[in-house]
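Please take a moment with the sequence and the model before reading on. The paragraphs below go through the structure step by step.

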Amino acid sequence: MEPRLASLVLQGLKEAHVKFVVGLPDSMLAGVYAAAEKDPEIRYVGVTNEAEGASIAAGAWITGGRSVLVMENSGLRAACEALSRLGLVNGIPVTMLMGYRGDLGERFHWGVNHGITMEPILNALRIPYWIIDREDQIIPAVKRAVLHGISSLYHNAVIFRTPLVDEGK
Amino acid sequence: MKRYELLKELAKLVTDQDLVITSIGGVKPEWYSLMPGNGTMFADLLGCATPFSLGVALNLPHRRVIALDTDGGMLFNLGALCTVGKEAPPNLTIIVLDNERYEGVVGSPATHTASGRMDLERIAAAAGISSTGTVKTTENFAALAATMPSDGQTGLMVAKIEPGIFRDVPPDRVKESDGIEDKYRFMRHIEQLEKISIRPRYARE
């Protein structure tokens, strides 16, 4: 994601009073991680896997620190165990921002499987999601996702599709 | 050294200003019987009690946060220790209750810590956690638990305990709440403690 679009993501997060961006870097949303790390109003926490990331985000959220988890959509698979327990047992929300790796037209063979599993997993966990591909959707989608986490006390996701995200080299 | 005896010592040290996060397992009913107040989040996380506690500690840096984790939970997600070491919150203390067993499983099969060839304390230190220790007696546990949460460093203590769950909990101290009730109690407690609104009745932008 180019810096100009990443700045819109950050703007949406700040307008939603998000304090923590927890992330495991990927190519599609590379600009978002970089922007979050530099932003003095955001605490960026890099993690070693997405289950850990979901848990850190949840711990911050339940104590009043609004948070999001940023990752590639493959991270959803790694996060499933923690998301299931946090969401279905405790009802502590994690809002996720993901790039749509494996979308129709995916250029890398290794990315196709990410697209095959993403939506079935989201549906299995009954996680509502929005797939966006226009610049004017970024800020409202991010803000509404954070808001929806507060009202539903359950996870949700915003998925960024090309041309909003970089497919990588 | 029995877990319940350690938890009794810890309960003497935890104040109403502190926050405690538990993992799944026998620690939950035992800790509840000793500290049924709302300052504990009885998380139902497998391998993620420590990262959850890290999120709490980072968000509330003025609070002492104590994670009651287990050997099985820690081994499930060792990478979390590296994130704790990197972030280095001075207000986080992780207590690993290491019974060398998957106690909730029929037959209580051994965890890797039972091999004697691995050392969770050394792993934590190598991950960048600045204050670490291993205790094998109740006296040593009480001494370290009295200082570690207030020493201004991220702490991890491995407490080698015997297998076994304390069964003689008084009826009025039996934990009957589910995860949703536990969440609300903890969240409302934080709202009162910090004088903040985490989830207003009507969420607004």
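What follows covers confidence, then fold, packing and surface.

The structure is a predicted model, and its overall scores are ipTM 0.97 and pTM 0.97. For chain B, the average pLDDT is 95, and 99% of the residues in chain B reach at least 70. Where pLDDT is low, the predicted coordinates should not be read in detail.

Chain A is the chain to follow from here. Its secondary structure consists of six helices and six strands. Read from the N terminus, the elements of chain A come in the order α-β-α-β-α-β-α-β-α-β-α-β, so helix and strand alternate along the chain.

The next point is how chain A is packed. Its C-alpha trace extends about 40 × 35 × 30 Å along the principal axes. The radius of gyration of chain A is 14 Å, which agrees with a compact globule, because a globule of 169 residues would have a value near 15 Å. Burial can be read alongside this: 62% of the 169 residues in chain A count as buried, where buried means under 20% relative accessible area. Contacts add a view along the sequence. Taking those in chain A between residues at least 6 apart in sequence, 77% join residues at least 24 apart.

That leaves the outside and the charges. Chain A has an accessible surface of about 6300 Å², and carbon and sulfur atoms account for 54% of that surface. Chain A carries 16 positive and 18 negative charges, and the mean positions of the two groups lie 4 Å apart.

How values were computed: Residues numbered from 1 in each chain as written. Chains lettered and ligands numbered in written order. Predicted model: local features only at pLDDT ≥ 70, side-chain atom pairs only at ≥ 80, totals over all residues. Heavy atoms only, no water. pLDDT = per-residue confidence, 0-100. Helix = DSSP H or I, 4+ residues; strand = E, 2+ residues; numbered from the N terminus. Rg over C-alpha atoms; globule rule 2.2 N^0.38 Å. Buried < 20%, exposed > 50% of the residue type's maximum accessible area, 1.4 Å probe, protein only. Contact = heavy atoms within 4.5 Å. Areas by Shrake-Rupley, 256 points an atom, 1.4 Å probe, with all protein chains shown as cover. Lys, Arg positive; Asp, Glu negative; His and termini not counted. Charge placed at Lys NZ, Arg CZ, Asp CG, Glu CD.
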